[in-house]
Amino acid sequence: MYLSIGNDMAVREKSIIGIFDMDNTSTSKRTRAFLSRAEKEGKVVPCDDLPKSFVLSVEYGMDRVHLTALSTATLEKRMK
């Protein structure tokens, strides 16, 4: 199964490591450093709007950070 994360993007549910809220996690120094490093390495898939959450996934040995304008609650409902 796939999870639709907005902007005509979908991620395989089996490849999802976690779904994180931007407001809660971006207050941490470690999360900011992780997102900054991922962006420098070209692993961030941006979204068109202001991101509310991000989905961390690993597929075929490549990790990706998908920014999405959908909330974590909306993404959780879509997974069920």
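A salt bridge, as I use the term today, is a side-chain nitrogen of Lys or Arg within 4 Å of a carboxyl oxygen of Asp or Glu. With that in place, let me say what we are looking at. This is a predicted model, in which local features need pLDDT of at least 70 and side-chain atom pairs count only at pLDDT 80 or more, while totals for chains, interfaces and linings use all residues. Residues are numbered from 1 along each chain as its sequence is written, and side-chain values use heavy atoms, with hydrogens and water left out.

On confidence, pLDDT is the predictor's own confidence in each residue, on a scale from 0 to 100. The average for the protein is 94, and 100% of the residues score at least 70. When I speak of helices and strands, I mean DSSP runs numbered from the N terminus, helices being H or I of at least four residues and strands E of at least two. Among these elements, helix H1, residues 22-25, has the lowest mean pLDDT, at 92, and S3 has the highest, at 96.

Let me turn to the sheet, where two strands count as paired if DSSP finds at least two bridges between them. There is an open sheet of four strands in the order S3-S5-S6-S4, and its pairing is mixed. S3 and strand S4 (44-45) stand at the edges with a single partner strand each, so one side of each has no neighbour in the sheet. S3 and S5 run antiparallel and are joined by five bridges, and within S5 it is Ser 53 that serves as the bridge partner of Asp 21.

Two helices pack on this sheet, and here contact means heavy atoms within 4.5 Å, while axes are lines fitted to C-alpha atoms, for helices over the stretch in contact, with angles running from 0 to 180 degrees between N-to-C directions. H2 touches S4, S5 and S6, and its direction makes about 60° with that of S5. Helix H3, residues 72-79, touches S3, S5 and S6, and its direction makes about 145° with that of S3.

Now to the interior. Buried means under 20% relative accessible area, exposed means over 50%, and partly exposed lies in between, with a 1.4 Å probe and protein chains only. A nonpolar core is then a set of buried Ala, Val, Leu, Ile, Met, Phe, Trp, Tyr and Cys residues joined through side-chain atoms within 4.5 Å. The largest such core has eight residues, namely Met 22, Leu 35, Ala 38, Cys 47, Phe 54, Leu 56, Val 65 and Leu 67. At least two of its residues come from each of helix H2 (29-40), strand S5 (53-59) and strand S6 (62-68). A second, separate core has six residues, including Ile 5, Val 11, Ile 16 and Val 55. Setting aside neighbours within four places in sequence, Ala 38 is in contact with Lys 43, Val 44 and Val 65.

Is Ser 15, in the loop between strand S2 (9-12) and strand S3 (16-21), buried or exposed? Ser 15 is buried, with a relative accessible area of 5%, and, not counting residues up to four places away in sequence, Ser 15 touches Leu 56, Ser 57, Val 58 and Glu 59.

The loop between strand S1 (2-6) and S2 holds Asn 7, which has a positive phi of about 55° although it is not a glycine. Asp 8 lies in the loop between S1 and S2 as well, and the phi of Asp 8 is near 55°, a positive value in a residue other than glycine. Asn 7 counts as partly exposed at 40% relative accessibility, whereas Asp 8 is exposed at 85%.

I come back, finally, to the salt bridges, of which the structure holds four. Arg 12 forms one with Glu 59, the closest N and O atoms being 3.2 Å apart, and this pair links distant parts of the chain, 47 residues apart, with Arg 12 in strand S2 and Glu 59 in strand S5. Which residues are linked in a network of salt bridges? They are Glu 41, Lys 43 and Asp 63. The side chains of Glu 41 and Lys 43 meet at 3.1 Å, N to O, and Asp 63 forms a salt bridge with Lys 43 in which the closest N and O atoms are 3.2 Å apart. Asp 63 lies in strand S6 and Lys 43 in the loop between H2 and S4, so this pair ties together parts that are 20 residues apart in sequence.
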